[in-house]
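Reader: I'm new to this one, and I'd like to know what stands behind the words people use for it. Can you show it to me first?

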Amino acid sequence: MYKSAFIFQSIAFGMWRKVSIELPEAQIIAEQMIQTMLDKKVKSVALSNYQKLQKIGFINRNIKDFDKLIECKIKSIDYRGNVIHIQFNKKMNLVLCGDYGAQYRFIRKGEELPTKIHFKMEFIDGTFFTIRQSGMGLIYAAEDSEVPNLYVYKRDFSDTPSPVGEHEFTSERFSELLNEKKQNIKASLVGKTAVVVGLSNAAFQEIIYKAGIHPKRNTGTLTENEKSNLYDSMKEILNERICSGGKDNFEDLFGKKGRHIPVMGPNMKDKNCPQCGAAIEKISHGGGQVYLCPRCQR
Ligand SMILES: [Zn+2]
């Protein structure tokens, strides 16, 4: 259901401002959750304006599943790729995925709740956790036995390497994985054929610009030097985004804006390349718009 939902998302969310949650942003949110939400006990759960989300498989088919979270206590919070897994006692879980747009917020006692939210969880201490799902993603209440079967969980809590935070994922390993699948560079970094987890179109544009690689390249044509540049660019971009509190259109769990200004992406529209001065171009590629420098990216 989730996989085929892609084509519907523009219909459902076309008018909304989308803030994609990629690995850096999911990591920031999850780590803030660990610091603030562990051991909290759920008082109530409410969903609103969820019919569209439900129709395209972004939340449980049976809304009553969320009632099973009431009185449960948060035991642990894990993350991988851009999926966040909140484990409660009583064999319950909440699996979250921001993919193409979500705003997660923790609301302290006395603070105002955000508007236009789809999910609201109140804890017995009077604090709240809320979600606004503005694009493709998942808000799913699941029993322990259901978690491994959820598409996004299988996708990201998998054998596919994480581009940051895993020492065994070396430049050599990345190069091997690119060689195994000779495919377009975008398919190698984003989506279900990707050799790493957690990236979408935004990170893709930044990484290949920094590496000087054209979005239409096939990984079979990349030199060892280009593959090594790609690996370094990926690490640098993602680590920089984590250290800067996420992308500039992202807001963290407490509503604080990220400070990372993408080196390439829609923000470069009608601008010139800061490295060579060429006019930035836009192409439709791999189910999205890709901005690039025609001179620096070969
Ligand atoms: Zn350039």
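Author: Here are two helices to begin with: the axes of α5 (residues 171-180) and α8 (residues 224-243) come within 9 Å and cross at roughly 115°. Axes are lines fitted to C-alpha atoms, for helices over the stretch in contact, and angles run from 0 to 180 degrees between N-to-C directions. Helices (H or I, at least four residues) and strands (E, at least two) are DSSP runs, numbered from the N terminus. This is a predicted model, where local features need pLDDT of at least 70 and side-chain atom pairs count only at pLDDT 80 or more, while totals for chains, interfaces and linings use all residues. Residue numbers start from 1 along each chain as its sequence is written.

Reader: What makes the passing of α5 and α8 a right-handed crossing?

Author: A crossing is right-handed if the near helix is turned clockwise from the far one by less than a right angle, and left-handed if anticlockwise. α5 passes α8 in the right-handed way.

Reader: Which residues of α5 and α8 meet there?

Author: From α5 you have S171, F174, S175 and L178, and from α8 E224, K227, S228 and Y231. Being in contact takes C-beta atoms, placed from the backbone, within 7 Å. The residues of this contact divide into three nonpolar, three polar and two charged. For that split, Ala, Val, Leu, Ile, Met, Phe, Trp, Tyr, Cys and Pro count as nonpolar, Asp, Glu, Lys and Arg as charged, and the others, Gly among them, as polar.

Reader: How do the axes of α2 and α8 cross?

Author: They come within 9 Å and cross at roughly 35°, and this crossing is right-handed too. L23, P24, Q27 and I28 in α2 meet L238, R241 and I242 in α8. Five of the residues in this contact are nonpolar, one is polar and one is charged.

Reader: Why is α7 called largely enclosed by the rest of the structure?

Author: A residue is buried if 20 or more other C-beta atoms lie within 10 Å of its own, exposed if 12 or fewer, and partly exposed in between, with C-beta atoms placed from the backbone. In α7 (residues 201-211), 11 of the 11 residues are buried, so the helix counts as largely enclosed. Among them are F204, I207, I208 and Y209, and the buried residues of α7 pack against α6 (185-189), α8 and β10. Right after α7 comes G212, with a positive phi near 70°.

Reader: And G288, is that buried, exposed or in between?

Author: G288 has 15 other C-beta atoms within 10 Å, and so it is partly exposed. You'll find G288 in the loop between β9 (281-284) and β10 (289-292). G288 and A202 are 86 residues apart in sequence, with their C-alpha atoms 9.7 Å apart in space.

Reader: Now the strands: what makes β2 and β8 edges of their sheet?

Author: The open sheet has four strands, in the order β2-β3-β4-β8, with antiparallel pairing. β2 (74-80) and β8 (138-143) each have a single partner strand, so one side of each is left without a neighbour in the sheet. On average, neighbouring strands here are turned by 15° against each other, direction ignored. Helix α2 (residues 23-37) packs on this sheet, touching β2 and β3 (83-88), and its direction makes about 165° with that of β2.

Reader: How do you know that β4 and β8 pair?

Author: Two strands pair if DSSP finds at least two bridges between them. β4 (residues 92-97) and β8 have six bridges, in the antiparallel sense. N93 stands opposite A142 in β8, and M92 stands opposite E143. β3 and β4 also pass, with five antiparallel bridges; one of the partnerships is H85 with V95 in β4. β3 and β4 form a hairpin with three residues between them, and K90 in the turn has a positive phi of about 55°.

Reader: Why is β4 said to be largely enclosed?

Author: Six of the six residues of β4 are buried, so the label follows. M92, L94 and L96 point one way, N93, V95 and C97 the other way, and all are buried. In a regular strand the side chains alternate between the two faces of the sheet.

Reader: Last one: what makes the protein as compact as a globular protein of its length?

Author: The radius of gyration is taken over C-alpha atoms, and the globule rule is 2.2 Å times the number of residues to the power 0.38. The protein's radius is 19 Å, close to the 19 Å that the rule gives for 298 residues, so it is as compact as a globular protein of that length.

How values were computed
Two residues are in contact if their C-beta atoms, placed from the backbone, lie within 7 Å.
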